[in-house]
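Please go through this chain with me in questions and answers, starting from its overall layout and moving on to single residues.

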Amino acid sequence: MTAHQASGGGIDRRRLLARAALGGATIVGATALGGIDADAAFAAQQPSLDPAISKSEFVEGRITAISGSVLEVAGSYGDRSRVQMTNATSVWKVRPTTAKVIEVGDGLYARGVKMPDGTVAADAVWVNIVNIHTTIRGIEKQRLHLAHGNHEITGNVIADTSASYAGRAPSSDLSRLRIGQSAQVLGAWRPSDNSVDVVRVSVGH
């Protein structure tokens with residue numbers, strides 16, 4: 001059975017993603033490898049959703065250089081990778097955005113398909129994404145003061161910041177947050193000042 005047949009007569013995503021990496025295909029919002037929202041970055045590394053793609057590749061680290069549409073990435077454990085951005089790549093940096101916002105020095109978590117030369121053609125890239133367990137130490141209108149172990153973190157309250165209470169759906173109402181609460185913070189790290197833009201703060205979970 002061919003990959004085309006295995007996917008029920010649909011498109012061969014591996015081939016299409018490869019063509020996109022070479023500039024030969026136009027794809028918008030490819031999701032063959034899984035979800036592309038912020039939570040998807042921390043989901044269990046499940047098999048590809050498309051039978052045409054046998055295995056997803058993951059890359060994490062700091063971006064050391066940007067050469068055209070290729071990101072050079074230094075991994076946390078001394079490894080180095082190259083991530084090819086394509087017109088199929090979905091980009092998250094606080095919110096869904098485009099590759100134009102990616103900068104040298106940013107952190108990165110990418111999911112994609114490994115090409116023959118070892119480069120990973122990215123299906124989705126999450127920039128500076130963090131998901132950390134904290135304790136709320138202070139609350140201001142535009143800031144949350146958070147403790148993560150022995151580290152103090154400033155959480156920036158942005159237009160899209162939401163709160164989830166006891167596992168309920170996220171709400172824009174932050175008034176029920178209290179000093180001393182344990183909180184799981186999903187957000188985006190700011191390399192410039194080491195603060196975090198808070199996308200969602202979950203308490204009572």
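**Layout and confidence**

From the N terminus on, the elements of the chain run α-α-β-β-β-β-β-β-β-β-β-β-β-β. Helices (H or I, at least four residues) and strands (E, at least two) are DSSP runs, numbered from the N terminus. This is a predicted model, in which local features need pLDDT of at least 70 and side-chain atom pairs count only at pLDDT 80 or more, whereas totals for chains, interfaces and linings use all residues. Residues are numbered from 1 along each chain as its sequence is written, and side-chain values use heavy atoms, with hydrogens and water left out.

Q: How many helices and strands are there in the chain?
A: The order of elements along the chain begins with α-α and continues with β elements. Counted by type, the chain has two helices and twelve strands.

Q: What is the mean pLDDT of the chain, and over which residues does pLDDT stay under 50?
A: pLDDT is the predictor's confidence in each residue, from 0 to 100; the mean for the chain is 80, and 74% of its residues reach 70 or more. Values under 50 run over residues 1-33, for which the model has 70 contacts beyond four places in sequence, a contact being heavy atoms within 4.5 Å. The other stretch under 50, with 23 contacts beyond four places in sequence, is residues 46-53.

**Strand pairing**

Q: Which residues of β6 and β2 are the bridge partners of arginine 62?
A: Two strands pair if DSSP finds at least two bridges between them, and β1 (residues 57-67) pairs in the antiparallel sense with β6 (residues 107-114) over six bridges. β1 also pairs in the antiparallel sense with β2 (residues 70-74), over five bridges. For arginine 62, the partner in β6 is glycine 107, and the partner in β2 is alanine 74.

Q: Which residue in the turn between β1 and β2 has a positive phi?
A: β1 and β2 form a hairpin, with two residues between them. The turn residue with a positive phi, of about 65°, is glycine 68.

Q: In what order do the five strands of the closed barrel run?
A: The pairing in this barrel is mixed, and the twist averages 55° from one strand to the next. Within it, β8 and β9 pair in the antiparallel sense over four bridges, and isoleucine 139 has leucine 144 in β9 as its bridge partner. The barrel order is β8-β9-β10-β12-β11.

**Cores and buried residues**

Q: How many residues does the largest nonpolar core have?
A: A nonpolar core is a set of buried Ala, Val, Leu, Ile, Met, Phe, Trp, Tyr and Cys residues joined through side-chain atoms within 4.5 Å; buried means under 20% relative accessible area, exposed over 50%, and partly exposed in between (1.4 Å probe, protein chains only). In the largest core, the residues with the most contacts inside it are Ile136, Leu146, Leu177, Val185, Val201 and Val203. At least two residues each come from β8 (129-139), β9 (143-148), β10 (151-165), β11 (182-190) and β12 (195-203). The size of this core is 16 residues.

Q: Is threonine 134 buried or exposed?
A: Threonine 134 is found in strand β8. Beyond four places in sequence, threonine 134 touches Leu146, Ala147, His148, Gln181, Ser182, Ala183 and Val185. Because its relative accessibility is 0%, threonine 134 counts as buried.

Q: Which side chain makes a polar contact with that of asparagine 156?
A: Asparagine 156 is found in strand β10, and at a relative accessible area of 10% asparagine 156 is buried. A polar contact is a pair of N or O atoms within 3.5 Å; within protein, one must be able to donate a hydrogen and the other to accept it, and residues adjacent in sequence count only if both atoms are side-chain atoms. At 3.0 Å, the partner side chain is that of aspartate 197.

Q: How many Å apart in space are tryptophan 92 and valine 127, C-alpha to C-alpha?
A: Tryptophan 92 lies in strand β4 (residues 90-93) and is buried, with a relative accessible area of 4%. Among the residues that tryptophan 92 touches beyond four places in sequence are Ala38, Trp126, Val127 and Val199. Tryptophan 92 and valine 127 are 35 residues apart in sequence, and their C-alpha to C-alpha separation is 6.0 Å.

Definitions and conventions
Axes are lines fitted to C-alpha atoms, for helices over the stretch in contact, and angles run from 0 to 180 degrees between N-to-C directions.
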